[in-house]
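Trainee: I should like to work through this model with attention to its helices and charged pairs. May we begin?

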Amino acid sequence: MDIQALIFEFIGGLGIFLIGIKYMGDGLQKIAGDRLREVLDKFTSNPFMGVLAGIVVTILLQTSTGTTVLTIGLVNAGFMTFRQAIGVIMGANIGTTVTAFIIGIDIGAYALPIVALGSFLIFFFKNPKVGNIGQTIFGFGALFFGLELMSSGMSPLRSLEAFHDLTVSMSSNPILGVVVGTIFTLIVQSSSATIGVLQSLYGQGAIGLNAALPVLFGDNIGTTITAVLASLGASVAAKRAAATHVVFNVVGTTFVLLLLGVFTQLVIFWQTQFNLNEEMTIAFAHGSFNILNTIIQFPFIGALAWLVTKLIPGEDTLIEYKPKHLDPIFIQQSSALALDQAKAEVIRMGEYAHKGLEESHLYVTTQNPKHSEMTMQIEGAINNLDRKITEYLVDISAGSLSEVESAKHTSLMDTVRDIERIGDHFENVIELIDYKISNKVILTEGAMEDLNNMFDLTIITVKQAVSALENMDREAALEVVQKEDQIDKMERKFRKKHIIRMNEGLCSGSAGIVFVDIISNLERVGDHAVNIAEGVLDE
C-alpha cells in the first residue's frame with residue numbers, strides 16, 4: 001500500500017471538496033443576495049416558520065454554521081427573539097442534510113466537465129449574474145471531483161488491519177463512533193465534508209452501517225463547535241444560540257443511540273425499499289436523524305430556551321433595528337402627529353449615533369473586538385432606521401402639509417441623512433483600527449492622547465446636537481456650533497503636530513495615515529452635528 005499516495009489523494013480531495021462547498025454556497029448566496037436575511041427576518045413569526053426559514057437559508061448557504069451565525073446576528077439586532085432563533089437552528093440542521101443527498105447522486109464521472117462549465121461561465125462572461133451561476137456550478141463540480149479523489153485515496157483502507165479493527169470496535173461500541181465523528185468534524189470544521197468522507201468509506205465497503213451511523217451522529221455534534229467558537233467573546237444572545245445548537249444535537253444523538261437498533265432497521269428499510277446506493281443510504285440516515293430530532297424536540301422549544309438561559313445566565317444588550325414609533329395610522333389621522341412620531345424615531349436614531357461613536361472610541365482605546373461588533377451592529381441599525389424613517393416621511397409628504405409642517409418635514413429629512421453619515425464615519429474609524437491591528441501599526445502616546453481629546457469633544461457635540469433637536473433648545477444648538485468650531489481647530493492643530501512627529505521619526509507613515517484619517521472622520525462628524533443644530537436654529 002502506497003501510504004503517501006493515500007494521504008495525498010485524501011487531503012487533496014478533502015481540500016477540493018471544501019473549496020467546492022464554499023464556492024457553491026458563496027455562489028448561491030450571491031444569487032439570493034440580501035434576501036437571505038429578509039427570509040430569516042420575515043418568516044420567523046413563529047418557531048414552525050423559523051424551522052422552514054432555517055431549511056431554506058441553509059440549503060442556499062450550504063452550511064448550517066453560516067445560518068446559525070446569521071441568526072446570532074439577527075438575535076443581537078433585535079430582529080428575532082431567542083425562541084424564534086431555536087426554530088431556525090433546528091431548520092438549519094435539516095437544511096444541511098441536502099449536501100449529503102447531492103453527494104448521494106452518483107455523478108462523479110462528470111465532475112470535471114461540470115468544473116469546466118463553471119470555469120467558462122466565470123472567465124468568459126462579464127455579467128455578474130452569469131459569474132455567480134458559474135461559481136455555483138464550479139463549486140458543484142469541485143465537490144464531486146474532491147469526493148472522487150478522496151474515494152480513490154481511501155479504497156486501500158479496506159485491507160488495513162488497524163482500520164478494520166477500529167470499525168469493528170465502533171460497531172460494538174457506538175459511543176466510540178460518536179467520539180470519532182465529533183473529533184473528525186472538529187478538525188475539518190465542516191460536517192458536510194466529514195459526512196462526505198463517511199459516504200465514501202461506506203461506498204468503498206471500508207466501514208459497515210453499524211459503525212457508520214454513530215460516526216454520523218458524532219459529525220452532527222462536531223459541527224456545532226464552529227458556532228461555539230464564533231460566539232466566544234460575543235453577546236449573551238450569541239452564546240445562547242450557539243449553546244442551543246450544541247444541546248439540540250447532543251440530546252438528539254443521546255435519544256437515537258438509545259434506539260440505535262430500531263434506527264438502523266429503519267435505514268436498512270429505506271435502503272431496500274428505494275434501492276439506494278451506499279452514499280444515498282447515509283444521506284437518508286442523516287436526513288432521517290435530523291428530521292426525527294426536530295420533530296421530537298420541537299414541542300419542547302420553551303423548555304430548551306429555559307435550559308439554555310439557565311446554562312448561560314445574564315442580561316443581553318440588544319440593539320433594536322426596528323423602528324418603534326412609525327405607525328402608518330398616524331399618517332391617515334394627522335400629518336402633525338405623524339411628523340412628531342417621525343421626529344421621535346429620528347431622536348432614537350441620533351442616540352444610536354452617539355452610542356456608536358462611544359463604542360468606536362472604546363475600540364480605538366481597548367482594541368477589544370466586542371466594541372467593534374457593537375459599533376457595526378449600531379451602524380446596521382442606523383442604516384435600517386434611515387430607510388424606514390425616509391419611507392415614512394415620503395408617505396407623509398403624499399398628504400397636504402402646511403408651510404410649518406413642510407419646513408419640519410424638510411428638516412427631518414436632512415437630519416436623517418446627517419445621522420446616517422455619522423454612522424458611516426464611525427464605521428470608517430472601525431476599518432482604520434482593523435487596518436492598524438492587522439498591520440501592527442503603532443500610534444505614539446501623544447497621538448493617542450490627541451485622538452482621545454478629539455473623540456471626547458466630538459461625542460459631547462453629537463450628544464448635544466441630538467438633545468438640542470429633541471428639546472428644540474436654541475442655546476444648546478448654539479453651543480454645538482461653537483464646539484464644532486473647536487473640533488475644526490483641533491483637527492488642524494493635531495494634523496500639524498502629527499506631521500512634526502513624523503518628521504522627527506517618532507512614528508511611521510502608515511501610523512500617520514491612520515491618525516490623520518481618524519481625525520478627518522471625526523471632523524466630518526462635527527460638521528454633521530452642526531447641520532443637525534442648524535435645523536433647530538432655523539426653526
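**Burial and salt bridges**

Mentor: We start from an acidic residue in this predicted model. Asp450 counts as buried because its relative accessibility is 3%.

Trainee: Which residue forms a salt bridge with Asp450, and how far apart are the closest N and O atoms?

Mentor: A salt bridge requires a side-chain nitrogen of Lys or Arg within 4 Å of a carboxyl oxygen of Asp or Glu. The pair of Asp450 and Lys497 is listed as such a bridge. The partner is Lys497, and the closest N and O atoms are 3.1 Å apart.

Trainee: How many residues apart in sequence are the parts that this pair ties together?

Mentor: Asp450 belongs to helix H22 (residues 445-471), whereas Lys497 belongs to helix H23 (residues 474-503). The pair therefore ties together parts whose separation in sequence is 47 residues.

Trainee: Is Lys497 buried, partly exposed or exposed?

Mentor: The partly exposed class lies between 20% and 50% relative accessible area. Lys497 has a relative accessibility of 34%, so its class is partly exposed.

Trainee: Where do Asp527 and Arg524 lie?

Mentor: These two residues form a salt bridge, with closest N and O atoms 2.7 Å apart. They are 3 residues apart, about one turn of the helix. Both lie in helix H24 (residues 509-537).

Trainee: Which residues are joined into one network by salt bridges that share partners?

Mentor: The bridge between Lys497 and Asp450 has already been described. Through shared partners, salt bridges join into one network Asp450, Lys497 and Arg501.

Trainee: What is the distance between the closest N and O atoms of Glu345 and Arg348?

Mentor: Both residues lie in helix H19, 3 residues apart. Both are also buried. They form a salt bridge in which the closest N and O atoms are separated by 2.4 Å.

Trainee: Why is Gln341 classed as buried?

Mentor: Gln341 is found in helix H19 (residues 335-366). Not counting residues up to four places away in sequence, Gln341 touches His325, Leu326, Phe330 and Tyr392. The buried class needs a value under 20%. Gln341 is therefore buried, its relative accessible area being 19%.

Trainee: What span does helix H21 reach from its first C-alpha to its last?

Mentor: Helix H21 (residues 403-438) has 36 residues. At 1.5 Å a residue, the expected span is 52 Å, and the value for H21 is close to this. From first C-alpha to last, H21 reaches 53 Å.

Methods: Residues numbered from 1 in each chain as written. Predicted model: local features only at pLDDT ≥ 70, side-chain atom pairs only at ≥ 80, totals over all residues. Heavy atoms only, no water. Helix = DSSP H or I, 4+ residues; strand = E, 2+ residues; numbered from the N terminus. Buried < 20%, exposed > 50% of the residue type's maximum accessible area, 1.4 Å probe, protein only. Contact = heavy atoms within 4.5 Å. Expected span 1.5 Å × (residues − 1).
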